[in-house]
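Me: Could you walk me through some charged pairs in this model and tell me how each label is earned?

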Amino acid sequence: MSIEIRKVGVIGAGQMGGGIAQVAAASGYEVALNDISEERINAGLATINGNLARQVSKGHLTEEEKTLILARITSAPTYEHFNDADLVIEAAVENEDIKRKIFQALCPALKPTALIGTNTSSISVTRLASTTDRPEQFIGIHFMNPVPVMQLVEVIRGIATSEETFEATRALVEKIGKSLTVAEDFPGFIVNRILLPMINEAIYTLYEGVGSVESIDTAMRLGANHPMGPLQLADFIGLDTCLSIMQVLYEGLADSKYRPCPLLVKYVEAGWLGRKTRRGFYDYRGEKPVPTR
């Protein structure tokens with residue numbers, strides 16, 4: 001029995017959820033976008049509108065195509081709006097308790113055949129699936145940030161995920177023009193298991209005074225040919241997200257090499273979370289970013 005996905009629900013209208021909604025709508029899917037308030041949904045829709053307007057100005061899209069894409073995205077203030085969705089993707093913050101509460105509230109609103117995807121970047125898919133009434137229809141669909149630009153989607157099967165759920169997810173990833181990599185359900189999967197310890201090590205390098213923010217980022221950009229330095233990347237991801245992924249790795253793999261750097265903890269405690277709060281390893285409040293250390 002193959003599952004056909006026509007309508008996609010997205011929970012979370014922030015950077016990730018908005019990006020997922022945009023690429024799904026651009027590929028012909030009907031999309032219902034949810035967040036904890038109408039303001040957040042509207043802010044997400046405004047960001048999508050801005051992204052598409054930029055594509056029009058660059059000649060990648062016509063005005064008519066933009067109008068059609070936006071028309072496919074509807075506001076879903078409550079989970080009841082997902083009653084006809086074939087797949088709902090959760091893209092809330094990287095916090096297991098919040099995700100569990102979402103799934104418990106979501107399941108009663110869904111039709112029995114609906115699939116649930118989580119955009120978690122590090123939390124056990126098997127464990128999240130166990131909080132739902134349909135672990136066979138639950139899967140990890142980890143998009144990379146920014147979603148419209150990045151080519152990869154990591155797909156993670158929980159222990160109970162059925163072959164039909166996996167195949168339907170693969171078809172969706174291919175239809176939206178992304179490349180798929182399959183990761184096993186271990187902490188951090190593939191990308192973040194390798195990427196986040198590198199970022200954490202860069203923060204240790206700063207913490208121990210081996211280099212300044214600028215010298216560390218320049219070294220990795222020019223010395224390892226990375227498109228952006230690890231501290232700049234940490235600010236882009238969000239230092240709170242970096243910290244929560246490091247904590248998942250540290251607790252899940254019980255290896256001291258994953259211990260979050262105390263300086264990362266300190267920045268998060270200060271509320272300096274990177275670009276979204278306009279201060280992290282760089283200060284974004286002026287004309288151009290200035291290192292904070």
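**Charged pairs and their labels**

Reply: Happy to! This is a predicted model, and a good place to begin is Glu 94, which counts as buried at 16% relative accessibility.

Me: Why is Glu 94 called buried?

Reply: Buried means under 20% relative accessible area. Glu 94 has 16%, so the label fits.

Me: What makes Glu 94 and Lys 99 a salt bridge?

Reply: The cut-off is 4 Å between a Lys or Arg side-chain nitrogen and a carboxyl oxygen of Asp or Glu. Here the closest N and O atoms are 3.7 Å apart, so the pair qualifies. Lys 99 is buried too, with a relative accessible area of 1%.

Me: How do you know that Asp 84 and Lys 7 form a salt bridge?

Reply: Their closest N and O atoms are 2.8 Å apart, which is within 4 Å, so they meet the definition. Asp 84 sits in the loop between strands E3 and E4, and Lys 7 in strand E1, so this pair ties together parts 77 residues apart in sequence.

Me: Why is Asp 84 called partly exposed, and is Lys 7 buried or exposed?

Reply: Partly exposed lies between 20% and 50%. Asp 84 has 39%, so it belongs there. Lys 7, at 16%, is under 20% and therefore buried.

Me: What makes Arg 170 and Glu 167 about one helical turn apart?

Reply: They are three residues apart in helix H6 (residues 163-175), which is why about one turn separates them. Their side chains meet in a salt bridge at 3.4 Å, N to O.

Key. Residues are numbered from 1 along each chain as its sequence is written. This is a predicted model: local features need pLDDT of at least 70, side-chain atom pairs count only at pLDDT 80 or more; totals for chains, interfaces and linings use all residues. Side-chain values use heavy atoms; hydrogens and water are left out. Helices (H or I, at least four residues) and strands (E, at least two) are DSSP runs, numbered from the N terminus. Buried means under 20% relative accessible area, exposed over 50%, partly exposed in between (1.4 Å probe, protein chains only).
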